[in-house]
Amino acid sequence: MVAGAMSGCAASAQGSGSDDRPVVLTTFTVLADVAQNVAGDHLRVESITKVGAEIHGYEPTPRDIAKASEADLILDNGLNLESWFGQFVESVDVPHVVVSDGVEPLDITEDAYAGKPNPHAWMSPVNVQLYVDNMVDAFAELDPEHAADFEANGAEYQAKLQKVQDELVTGLSALPENQRALVTCEGAFSYLARDAGLTEQYIWPVNAEQQATPQQITSAIEFVETNDVPAVFCESTVSDKPMQQVVEATGAAFGGTLYVDSLSAADGPVPTYLDLIRYDATTIVDALTGSGS
């Protein structure tokens, strides 16, 4: 649902020559890529944060605020991901949409964040189809002339997302029940695990700002040993040293590096969201089933 009336949006930013398309500003690169697929050529989509930026604790700059004040619409993930966003939005008179509206949240169960929703809803292709619905509605209200195009673009993109989901589920279907587990450094895969029929285990819940404790590592080791988990993983934005301790203690394979919070540069492994979710899904399936060896 659109927060604020589109009729009250700021005038289109026209700082890029003759480009007078409405400007949609997202909080991070994953949302920008999804939004661009829905918008097509009709809207100019930009991200506040850059490739590789840490989204959780990002601190907006005066330049960010100036850029936002010229936008026509701001998209944020919600679910407490952008802790900086509330104050940021208050400083600009621009409507915004929470693209995770409609997602069934999963709560974090441990540490200081216990009881708060896990923000990483975009790590499930099922959830991102809801993101797309919210974007289609918001863009149609922002630019009614191209509403049919937004709807068609969204449907095409949703079909690609569902294909990734179906391939993930099919690829994991032959695994024994106890081995249907996703063990990672951070608990960023709750939604992916739920929608793929995997049990999630992690070393720390969300966005750890200090090294893993011995108790956290021991807990992961016990889980891997008890369930005979064939492979474990870690995210690109954190050190994999704690998980390597799990590997050494259990004999499980290190299944690979997974991507979560940011896309890569254009020449990197995950320049688009579809690349990111396909890469993660393929890495998980290959490592857990042994099909990638």
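**Entry 1: glutamate 200**

I began with the side chain of glutamate 200, which makes a polar contact of 2.6 Å with the side chain of serine 190. The model I am reading is a predicted one. I then looked for a backbone partner and found the nitrogen of phenylalanine 189, which the glutamate 200 side chain reaches at 3.4 Å. Glutamate 200 itself sits in strand S7, residues 199-204.

Next I asked myself: which side chain of opposite charge is nearest to glutamate 200? Arginine 194 is the nearest, at 9.9 Å. Glutamate 200 is buried and has no salt bridge. My jotting for this site therefore pairs a missing salt bridge with the 4 Å limit that a salt bridge needs.

**Entry 2: the disulfide**

How many disulfides does a search of the whole structure find? I got one. Cysteine 185 and cysteine 234 form the disulfide, with 2.0 Å between their sulfur atoms. I noted -115° about the S-S bond, a left-handed link. Cysteine 185 belongs to strand S6 (residues 181-186) and cysteine 234 to strand S8 (residues 231-235), so the bond ties together parts 49 residues apart in sequence. I also checked burial: cysteine 185 and cysteine 234 are both buried.

**Entry 3: an aromatic pair**

My search of the whole structure for aromatic pairs returned three. I wrote up one of them, tyrosine 259 with tyrosine 279: the ring centres are 5.4 Å apart and the planes stand at 80°, so I logged the pair as edge-to-face. Angles over 60 degrees count that way.

Where do the two partners lie? Tyrosine 259 is in the loop between strand S9 (253-258) and helix H9 (273-289), while tyrosine 279 is in helix H9; the pair links distant parts of the chain, 20 residues apart.

Are these tyrosines buried or partly exposed? Tyrosine 259 has 17% relative accessibility and so counts as buried. Tyrosine 279, at 32%, counts as partly exposed.

**Entry 4: helix H9**

Since tyrosine 279 had brought me to H9, I stayed for a length check. With 1.5 Å a residue, the 17 residues of H9 should span 24 Å, and the end C-alpha atoms are indeed 24 Å apart, which agrees.

I listed the buried residues of H9 too: Tyr273, Leu274, Leu276, Ile277, Asp280, Ala281, Thr283, Ile284, Val285 and Leu288. A reminder to myself beside that list: an α-helix has 3.6 residues a turn, so residues three or four places apart point the same way.

Last, I looked just past the helix. Glycine 290 follows H9, and its phi is positive, near 80°.

Conventions:
Residues numbered from 1 in each chain as written. Predicted model: local features only at pLDDT ≥ 70, side-chain atom pairs only at ≥ 80, totals over all residues. Heavy atoms only, no water. Disulfide = S-S within 2.5 Å. Helix = DSSP H or I, 4+ residues; strand = E, 2+ residues; numbered from the N terminus. Buried < 20%, exposed > 50% of the residue type's maximum accessible area, 1.4 Å probe, protein only. Phe/Tyr/Trp six-rings, centres within 6.5 Å; stacked < 30°, edge-to-face > 60°. Expected span 1.5 Å × (residues − 1). Lys, Arg positive; Asp, Glu negative; His and termini not counted. Polar contact = N/O pair within 3.5 Å; in protein donor to acceptor, adjacent residues only side chain to side chain.
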